[in-house]
Amino acid sequence: MLAPAKHRFSVKDYYRMAETGVLRPDARVELLDGEIIDMSPIGPFHGGVVARLTRLFGLHCKDRWLIWPQSALRLNDHSEPQPDFILLKPTPDDYTNNNPQPEDVFLLVEVSDSSLAIDVEKKLPLYGRAGITEVWIVNLDEGVLEIYREPHFDGYGSKTVLSNGDQARPMAFPDVLVDVAELLKR
């Protein structure tokens, strides 16, 4: 007896499903390694942390990066997640012609509560495989900021966990300090 095979969708298939109405216009889904995954609803704490990141990095920007919150990132032909927050290399068209790709990313942040398992088990290896140099996971349940660096095929070679009293600095912009307690306050 043959085991059932999964059908992997491409990004092209994914967009075609949206165009033809197979995926509703308001569907909160993302494409991860060929699978269409439902995204968890965004609660107030989660949304507030994304707003804090946007405000903080907006204050220090000076046209060094483009803030890309909760929007698509094209990793490869079978993955187009929607991370919570990305700092991107600026482009003249602000990515209006194509979604950004891994080489455009300075920093990627996932804000995780109910999505923690998917963020760590599915997304993190995809980000590492794509070569994204730095990923932060704001773990709301544990009240910590996890910093992943040194991407490789299975994920990341370096993980640092920061909590209240600690500060984070993005590798690409070490002049910017993120106070973990301030980021995670309610």
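A pocket here is an open set of grid points with protein on both sides within 12 Å along at least five of seven lines, and its lining residues have an atom within 4 Å of a point. The model in these exercises is predicted.

**Exercise 1. The second largest pocket**

Find which residues line the second largest pocket, and sort them by type.

*Solution.*
Step 1. Apply the 4 Å cut-off for lining residues. The list is Y14, Y15, A18, L23, R24, P25, A27, R28, V29 and Q82.
Step 2. Sort them. The lining holds 7 nonpolar, 1 polar and 2 charged residues.
Step 3. Look for the main supplier. Helix 1 (residues 11–20) gives the largest share, 3 residues.
Step 4. Add the volume. The second largest pocket holds about 170 Å³ of space.

**Exercise 2. The largest pocket**

Describe the largest pocket by its volume, its centre and its lining.

*Solution.*
Step 1. Start with volume. The largest pocket has about 210 Å³ of space.
Step 2. Go to the centre. There are 19 lining residues, and R28, E30, M39, S40 and S115 are the closest to the centre.
Step 3. Sort the lining. It divides into 6 nonpolar, 5 polar and 8 charged residues.
Step 4. Trace the suppliers. Strand 2 (35–38), strand 5 and helix 3 (116–130) each bring at least two residues. Helix 3 has the largest share, with 3.

**Exercise 3. The hairpin**

Work out how strand 1 and strand 2 pair, and which residue between them has a positive phi.

*Solution.*
Step 1. Locate strand 1 at residues 29–32; it pairs with strand 2 over 4 bridges, in the antiparallel sense.
Step 2. Pick a facing pair. E30 stands opposite I37 in strand 2.
Step 3. Check the turn. The hairpin has 2 residues between its strands, and D33 takes a positive phi near 50°.

**Exercise 4. The open sheet**

Give the strand order of the open sheet, then explain why strand 3 and strand 8 each have one side without a neighbour.

*Solution.*
Step 1. Read the order. The 6 strands run 3-4-5-6-7-8, with mixed pairing.
Step 2. Find the edges. Strand 3 (66–69) and strand 8 (155–162) each have a single partner strand, so one side of each lacks a neighbour in the sheet.
Step 3. Note the twist. Neighbouring strands are turned by 20° against each other on average, direction ignored.
Step 4. Inspect one pairing. Strand 3 and strand 4 (residues 85–88) run antiparallel, joined by 4 bridges. Here I67 stands opposite L87.
Step 5. Add the helix. Helix 2 (residues 44–60) lies across strand 3, strand 4, strand 5 (105–112) and strand 6 (134–139). Helix 2 runs at about 155° to strand 5.

Key:
Residues numbered from 1 in each chain as written. Predicted model: local features only at pLDDT ≥ 70, side-chain atom pairs only at ≥ 80, totals over all residues. Heavy atoms only, no water. Pairing = 2+ DSSP bridges. Axes fitted to C-alpha atoms, helices over the stretch in contact; angles between N-to-C directions. Contact = heavy atoms within 4.5 Å. 1 Å grid on protein atoms, 1.4 Å probe; cavity = no way out; pocket = protein on both sides within 12 Å on 5 of 7 lines; lining within 4 Å. Points joined across faces, edges and corners; volume = space filled by probe spheres on them. Nonpolar A, V, L, I, M, F, W, Y, C, P; charged D, E, K, R; others polar.
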